[in-house]
Amino acid sequence: MRCPECQSSETKVLESRLIQEGASVRRRRECLKCDYRFTTYEREDRFQIRVEKNDGRFEDFRSEKLLKSVSIACQKRPVKPDQIEDLVHDIERELYSKGKKSIKSKALGDMLISRMRNLDHVAYVRFASVYKDFKTPDEFISELRALRDN
Ligand SMILES: [Zn+2]
C-alpha cells in the first residue's frame, strides 16, 4: 500500500473496520515518511470459514448473517450499529486468528452469546431464548437469575 503523497510503501494502519458483508476492510493509514493520512478499502483474500450445522451439513460463514441476527435481538435497545459491527468483527477476527477453517454452529453461537451478554442484557435474553431453546419457564428464570447475579 503506497502513500498517495510521497509514494513511500512504509505505512502503518491506524484503524481497521469491516464494511458490509465482511468482504472488504476500510483502513485508516498513515505514511511513516511524510505523516500523510489516507483511507483505503481493501479486499481481504481470506479462506472461507465453514459452519458445521447441528445436522452435520456445512454452510459458508457469513458475517452479515451474524449482523442480522444480532441487530434483530437489539431492536429498540440502546445499542449502536457500531457496537454490533464491532461484536461481529471481533468474532470474525478470532475465527481467522485461530486459522480454523470450520466451526460447529454451537461453538459459534456460544461465542456470540457470551459477547451479547456484555452488550445488552435484554438483547441477550431475547437471543438466548431462541438460541438456548428453553423448554420450561424455570429454565428461563434460572437464566435471568444468573444474569442478575452477575
Ligand atoms: Zn508519504
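This is a short tour of one chain, stop by stop, for your viewer.

What you have open is a predicted model, where local features need pLDDT of at least 70 and side-chain atom pairs count only at pLDDT 80 or more, while totals for chains, interfaces and linings use all residues. Numbering starts from 1 along each chain as its sequence is written.

**Stop 1: the two domains**

Colour residues 1–45 as domain 1 and 48–148 as domain 2, following the domain assignment of the chain (such bounds come from an automatic or database assignment). Taken over C-alpha atoms, the centres of the two domains are 30 Å apart.

**Stop 2: a hairpin**

Select strand β2 (residues 24–31) and strand β3 (residues 37–43), which run antiparallel and are joined by seven bridges. Strands here are DSSP runs of E with at least two residues, helices are runs of H or I with at least four, and both are numbered from the N terminus. Two strands count as paired if DSSP finds at least two bridges between them. Click on S24 and look across to β3: R43 stands opposite. Now follow the chain round the turn. β2 and β3 make a hairpin with five residues between them, and D35 in that turn has a positive phi of about 65 degrees.

**Stop 3: a three-stranded sheet**

Which strands make up the open sheet, and in what order? Three of them, running β5-β4-β6, with mixed pairing. The edges are β5 (58–60) and β6 (102–104), each pairing on one side only. From one strand to the next, the twist averages 30 degrees. Zoom in on strand β4 (residues 50–52), which pairs with β6 in the parallel sense over three bridges. Pick E52 there, and you'll find its bridge partner, K104, in β6.

Next, show helix α3 (residues 105–119): this helix lies across β4 and β6, at about 80 degrees to β6. For angles like this one, axes are lines fitted to C-alpha atoms (for helices, over the stretch in contact), and values run from 0 to 180 degrees between N-to-C directions.

**Stop 4: α3 with α4**

Keep α3 and add helix α4 (residues 121–131); the two pack at about 155 degrees, with axes 8 Å apart. That makes α3 roughly antiparallel to α4 (under 35 degrees is roughly parallel, over 145 roughly antiparallel, 65 to 115 roughly perpendicular, and the rest oblique). Their crossing is left-handed, a label used when the near helix is turned anticlockwise from the far one by less than a right angle, with clockwise giving right-handed.

To see the contact, show G109, I113, M116, R117 and L119 of α3 along with A123, Y124, F127, A128 and Y131 of α4. Residues are in contact if their C-beta atoms, placed from the backbone, lie within 7 Å.

**Stop 5: α2 with α3**

Bring in helix α2 (residues 81–98). The axes of α2 and α3 come within 11 Å and cross at roughly 145 degrees, and the crossing is right-handed. Here, select Q83, L87, D90, I91 and E94 of α2 together with M111, L112, R115 and L119 of α3.

**Stop 6: α1 with α2**

Last, add helix α1 (residues 63–73), which packs against α2 at about 140 degrees with the axes 10 Å apart. The pair is therefore oblique, and the crossing is right-handed. On the α1 side, the contact residues are S63, L66, L67, V70 and S71; on the α2 side, they are I84, E85, L87, V88, I91 and E92.

Conventions: Contact = placed C-beta atoms within 7 Å.
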